[in-house]
Amino acid sequence: MYWSFDQQGQQMEMYRIGNSTYTVTGGQCLRGTMQQGMDRDEVDPGQFSDQPEENPDITPVGRDTIDGEEVLVYELSQDGSQEPVTYYILADSGYPRRIEAESMRWDFHSWGSVEPIRKPEGECQPMPGGGMTADGGS
């Protein structure tokens with residue numbers, strides 16, 4: 001699994017290969033994760049595509065396109081905020097295309113159409129401060 005995102009104005013890349021996790025930011029590679037507890041099941045597209053059946057009262061508020069792909073738009077309230085979380089779900093597969101809220105935006109793409117994910121090049125140092133080790137332990 002690979003994902004990249006901006007966090008506080010800094011580009012972050014995270015790799016999950018088996019039980020090994022790598023974070024690349026600011027020209028450094030760290031083994032382990034700052035996102036302890038996030039696992040493969042939390043970003044499994046099946047978790048998203050199965051949710052409409054589990055939550056039949058949730059209906060799209062509209063349709064849109066992102067980079068030419070048709071999406072269904074859902075807005076869900078989040079605890080402690082006046083702003084909803086907006087989910088853009090691919091109309092043809094039910095996989096997420098984008099999730100955004102007032103302070104973040106995640107774009108998803110290339111479901112099942114990428115080469116195998118490999119660990120980042122170069123030397124990776126252990127995560128400081130007791131993050132998970134590359135083999136998944138503490």
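**View A. Glu-69 is partly exposed, at 34% relative accessible area.** Three accessibility classes apply in these legends: buried is under 20% relative accessible area, exposed is over 50%, and partly exposed lies in between (1.4 Å probe, protein chains only). This is a predicted model, so local features need pLDDT of at least 70 and side-chain atom pairs count only at pLDDT 80 or more, while totals for chains, interfaces and linings use all residues. Residues are numbered from 1 along each chain as its sequence is written, and side-chain values use heavy atoms, with hydrogens and water left out. Glu-69 meets Arg-97 in a salt bridge, 3.0 Å from N to O. A salt bridge here is a side-chain nitrogen of Lys or Arg within 4 Å of a carboxyl oxygen of Asp or Glu. Arg-97 is buried, at 6% relative accessibility. The two partners sit 28 residues apart: Glu-69 is in strand E6, and Arg-97 is in strand E8 (residues 96-101). Strand names follow DSSP runs, numbered from the N terminus (strands, E, at least two residues; helices, H or I, at least four).

**View B. Asp-107 has two salt-bridge partners, Arg-98 and Arg-105.** The contact with Arg-98 spans 2.5 Å, N to O. The contact with Arg-105 has its closest N and O atoms 3.0 Å apart. Arg-98 is buried, with 14% relative accessible area. Arg-105 is partly exposed at 47%. Asp-107 is partly exposed too, at 32%. Now step back to the wider set of charges. Asp-67, Glu-69, Arg-97, Arg-98, Arg-105 and Asp-107 are linked in a network of salt bridges. The structure holds six salt bridges.

**View C. Asp-67 has a positive phi, although it is not a glycine.** The angle is about 50°. Asp-67 is in the loop between strand E5 (62-66) and strand E6 (69-76). The residue is exposed, with 68% relative accessible area. Asp-67 also belongs to the salt-bridge network of View B.

**View D. Cys-29 and Cys-124 form a disulfide.** Their sulfur atoms are 1.9 Å apart; a disulfide is a pair of cysteine sulfur atoms within 2.5 Å. The structure holds one disulfide. The torsion about the S-S bond is about 80°, so the disulfide is right-handed. Cys-29 lies in strand E4 (residues 28-31) and Cys-124 in the loop between strand E9 (104-107) and strand E10 (125-126), so the pair ties together parts that are 95 residues apart in sequence. Cys-29 is buried, at 8% relative accessibility. Cys-124 is buried as well, at 4%.

**View E. Five strands form an open sheet.** Strands of a sheet pair through backbone hydrogen bonds, either parallel or antiparallel. Two strands count as paired if DSSP finds at least two bridges between them. The order is E1-E2-E3-E4-E10, and the pairing is mixed. E1 (2-7) and E10 are the edge strands, each pairing on one side only. E1 runs antiparallel to strand E2 (residues 10-17), and six bridges join the two. Find Ser-4 and look across: Glu-13 in E2 stands opposite.

**View F. Trp-106 and Phe-108 form an aromatic pair.** Rings of Phe, Tyr and Trp (its six-membered ring) pair if their centres lie within 6.5 Å; planes under 30 degrees apart count as stacked, over 60 as edge-to-face, and the rest as tilted. By this rule there are two aromatic pairs. In the pair of Trp-106 and Phe-108, the ring centres are 6.3 Å apart and the planes meet at 70°, an edge-to-face arrangement. Trp-106 is partly exposed, at 37% relative accessibility. Phe-108 is buried, at 14%.

**View G. Two stretches have pLDDT below 50: residues 36-40 and residues 131-138.** pLDDT is the predictor's confidence in each residue, from 0 to 100. The chain mean is 77, and 75% of the residues reach 70 or more. Residues 36-40 stay under 50, and the model gives this stretch 12 contacts beyond four places in sequence. Residues 131-138 are below 50 too, with 16 contacts in the model beyond near neighbours in sequence. A contact means heavy atoms within 4.5 Å.
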